[in-house]
Amino acid sequence: MFEILVNEDLTDMSEGELDKIFVAHEEGIKRFLGRIPLGCIYATFLAGLYVEMEKIVGRAAKGLIVNASKNRGKVAGMAIRKRYEKKYGKMDEDRVKMVARNMLTVWGKCFGWGKMNFKINDSEFILEVEDSLESTGFIKLKVKREQPACWMLLGYTWGLLEGLFNSKFVGDEVECRASGGSICRFVFRTE
Ligand SMILES: [Zn+2]
């Protein structure tokens with residue numbers, strides 16, 4: 001499974017094909033890559049959790065969620081890079097970009113986080129997401145956000161890029177369905 005994740009472009013694979021390759025189903029327990037337990041969550045549960053958290057800690061909620069997600073994304077990115085380099089030697093830039101795209105494709109199609117479209121040019125990494133899980137949660141709750149609100153996806157993608165590239169990025173969600181946009185758009189640049 002890991003070999004497919006790091007060696008093949010998964011962008012055009014269907015949800016069914018990806019699920020068959022990457023998610024093991026064992027009597028109610030799902031495992032990504034055969035070992036990482038997964039669970040589904042209601043979009044409204046996730047958005048509701050952010051709303052409740054904001055009631056307690058105010059505007060610090062965003063920083064808490066984004067930073068925690070970034071740290072976890074970074075752990076995932078670093079683990080993939082280290083495992084790859086142990087087996088195949090140094091990961092070149094094109095490979096890193098493909099693996100980042102593959103991970104987001106899996107998040108989108110297997111984990112249900114929205115339809116992901118990842119554009120990469122020389123200096124920017126742009127992730128566009130249709131129907132992002134977090135924004136859908138706010139829309140379903142009828143909670144209109146003043147600012148972009150897909151904090152977990154922002155943090156995770158940011159950390160994943162930092163872990164895979166082994167360098168610092170700056171990132172933000174610049175358009176979000178939860179705050180009136182037509183799509184969720186995230187932009188990351190090397191620092
Ligand atoms: Zn969003």
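**Close-up views of a predicted model**

**View 1. An open sheet of 3 strands, placed in the order S1-S2-S3, is formed with antiparallel pairing.** The model shown in this and the following views is predicted. Strand S1 (23–26) and strand S3 (36–38) are the edge strands of this sheet, each of them pairing on one side only, and the twist from one strand to the next averages 35°.

**View 2. The hairpin of S1 and S2 leaves 2 residues between the two strands.** S1 and S2 run antiparallel and are joined by 4 bridges, and within this pairing Val-23 stands opposite Phe-32 in S2. In the turn of the hairpin, Glu-27 has a positive phi of about 45°, a backbone angle that the reader may wish to find in the structure above.

**View 3. Strand S2 (residues 29–32) also pairs with S3, in the antiparallel sense and over 3 bridges.** Within this pairing, Leu-38 in S3 is the bridge partner of Lys-30.

**View 4. Strand S4 (residues 115–120) and strand S5 (residues 124–130) run antiparallel and are joined by 6 bridges.** The connection from S4 to S5 is a hairpin that passes through 3 residues, and across the pair Lys-119 stands opposite Ile-126 in S5.

**View 5. Helix H4 (residues 60–88) packs against helix H7 (residues 151–165) at an angle of about 35°.** The axes of H4 and H7 lie 6 Å apart, and the crossing in which H4 passes H7 is right-handed. Sorted by class, the residues in the contact of H4 with H7 comprise 15 that are nonpolar, 9 that are polar and 6 that are charged.

**View 6. The largest nonpolar core has 45 residues, among which Val-99, Ala-100, Cys-150 and Trp-151 touch the most other members.** H7, the helix seen with H4 in the previous view, gives the most to this core, contributing 9 residues. In soluble globular proteins, nonpolar side chains tend to be buried together.

**View 7. The surroundings of Val-99, one of the core residues that touch the most other members, are shown by its contacts with residues elsewhere in the sequence.** When neighbours within four places in sequence are left aside, Val-99 is in contact with Leu-5, Val-6, Ile-80 and Leu-164. Of these partners, Ile-80 falls within the residue range of H4 and Leu-164 within that of H7, the two helices whose packing is the subject of View 5.

Conventions
Residues are numbered from 1 along each chain as its sequence is written. This is a predicted model: local features need pLDDT of at least 70, side-chain atom pairs count only at pLDDT 80 or more; totals for chains, interfaces and linings use all residues. Two strands pair if DSSP finds at least two bridges between them. Axes are lines fitted to C-alpha atoms, for helices over the stretch in contact, and angles run from 0 to 180 degrees between N-to-C directions. A crossing is left-handed if the near helix is turned anticlockwise from the far one by less than a right angle, and right-handed if clockwise. Ala, Val, Leu, Ile, Met, Phe, Trp, Tyr, Cys and Pro count as nonpolar, Asp, Glu, Lys and Arg as charged, and the others, Gly among them, as polar. A nonpolar core is a set of buried Ala, Val, Leu, Ile, Met, Phe, Trp, Tyr and Cys residues joined through C-beta atoms within 7 Å. A residue is buried if 20 or more other C-beta atoms lie within 10 Å of its own, exposed if 12 or fewer, and partly exposed in between; C-beta atoms are placed from the backbone. Two residues are in contact if their C-beta atoms, placed from the backbone, lie within 7 Å.
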